[in-house]
Amino acid sequence: MFLKKKLIILFLCFFIISFVLSSIPAIVVSADTDIQLTNTLGGSIPQEDVWSTITISAAGDVTLGRDAITAYYGSFDHEVELQKSNYSYFMKNVKHLFETDDLTIVNLEGPLTKATIAAEKQFRFKGSAVYTEVLKQGSIEAVNLANNHMFDYQDQGYWDTVSNLSGANLGYFGFEHKYLTEVKGIKIGMLGLLGWDSSKQKKEEIKKAVESLKEQGAGANLIIASFHWGEERKYTPNKIQKDLGRYCIDIGVDLVLGHHPHVVQGIETYKGKSIVYSMGNFCFGGNKNPTDKDAYIYQHSFNFKNNVLQQEEGQVIPVSISSVKTRNNYQPTPLKGIEADRVMNKIKNCSLGLNQ
Ligand SMILES: [Zn+2]
């Protein structure tokens, strides 16, 4: 009889504990959401923090086409013919990096146009409108237009390029264009700038552009400035680059990306932000066989909580602008083994002096 009573008490205890446990809500913790537990007595609705990570990939000079006075043999246009207009050939070896990020940006160094009247200058590049497919099929979403070749076929070449990019649903920025896009609820604003001088006037121009991206209507959470600057074949940035790069960070730019020298320059960390001075060439139709084929893709991840930047991190992926060493086959390729180490060390050495 006494044992039976004990068993009943035990059973009741078990029942009560099970009931209490089942009434506690399950707490699910996922990588994307940070659930705040609220006091149920207060009756407030649980508020979830929204976390999002935006990864941006960037690369240097992309010239789709050639200078008409150079021989056709071995040119970018010739490669298109050899590949039977299979435009996916060009970004084949880097596409896996670009299609898994949130946004890929390059510098489009030359117009996509049928215009025939060239500017009076040494190198005049142009390519066919259909070359937008190289960008599309390579998972590149937006291009910088502000560079010293965009007007090689004058105003017509420039406006044809804008219309061809727009028709292909690609983003573009530089000169009178800014680009604003939204990824995972984060608004990203992009500026394309020529960085030949760091005058007061230039800085005013940059400040106005940054402010217009930040103001209420646009409301960019993240601002990227893409600069065409520096000196050709110089591995160190000049004073103007340093001045402009740091100025941009001072006024609220989150990432500065540079191009034009055709070779790599280092990366400076300034006030916790990255100034990438030069990523080198990329898919570059401007030279059939450059002696220095070293370049890099720069990837940067920004982590947001409720649209406010919490932390960020950059990464360098060393590449060769060609998958063969003997010439430029216009197929940028990530490097492996000792070649990757060599280029990584070169970039590190270039960065040393910038971060002292
Ligand atoms: Zn240039």
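**View A. The exposed face of helix 6 in the predicted model.** Lys200, Gln201, Glu204, Lys208 and Glu211 are exposed and sit on the face of helix 6 turned away from its buried side. The helix spans residues 200-214. From first C-alpha to last, its 15 residues reach 21 Å, close to the 21 Å expected at 1.5 Å a residue.

**View B. The buried side of helix 6.** Ile206, Ala209, Val210 and Leu213 are the buried residues of this helix. Seen down the axis of helix 6, they fall within an arc of 95°, so they line one face of the helix. An α-helix has 3.6 residues a turn, so residues three or four places apart point the same way. The cover over the buried residues of helix 6 includes strand 8, strand 9, strand 10 and helix 7.

**View C. Two helices on the sheet.** Helix 6 lies across strand 8, strand 9 and strand 10, and runs at about 165° to strand 9. Helix 7 (residues 239-250) touches strands 9, 10, 11, 12 and 13 as it packs on the sheet. The direction of helix 7 makes about 170° with that of strand 10.

**View D. The open sheet and its edges.** The sheet is formed by 6 strands in the order 8-9-10-11-13-12, with mixed pairing. Strand 8 (179-183) and strand 12 (264-270) each have a single partner strand, so one side of each is left without a neighbour in the sheet. From one strand to the next, the twist averages 15°.

**View E. Pairing of strands 9 and 10.** Strand 9 (residues 186-195) and strand 10 (residues 222-229) run parallel and are joined by 8 bridges. Leu193 has Phe227 of strand 10 as its bridge partner.

Notes
Residues are numbered from 1 along each chain as its sequence is written. This is a predicted model: local features need pLDDT of at least 70, side-chain atom pairs count only at pLDDT 80 or more; totals for chains, interfaces and linings use all residues. Two strands pair if DSSP finds at least two bridges between them. Helices (H or I, at least four residues) and strands (E, at least two) are DSSP runs, numbered from the N terminus. Axes are lines fitted to C-alpha atoms, for helices over the stretch in contact, and angles run from 0 to 180 degrees between N-to-C directions. Two residues are in contact if their C-beta atoms, placed from the backbone, lie within 7 Å. The expected span of a helix is 1.5 Å times one less than its number of residues. A residue is buried if 20 or more other C-beta atoms lie within 10 Å of its own, exposed if 12 or fewer, and partly exposed in between; C-beta atoms are placed from the backbone. The arc is that of the directions from the helix axis to the C-beta atoms.
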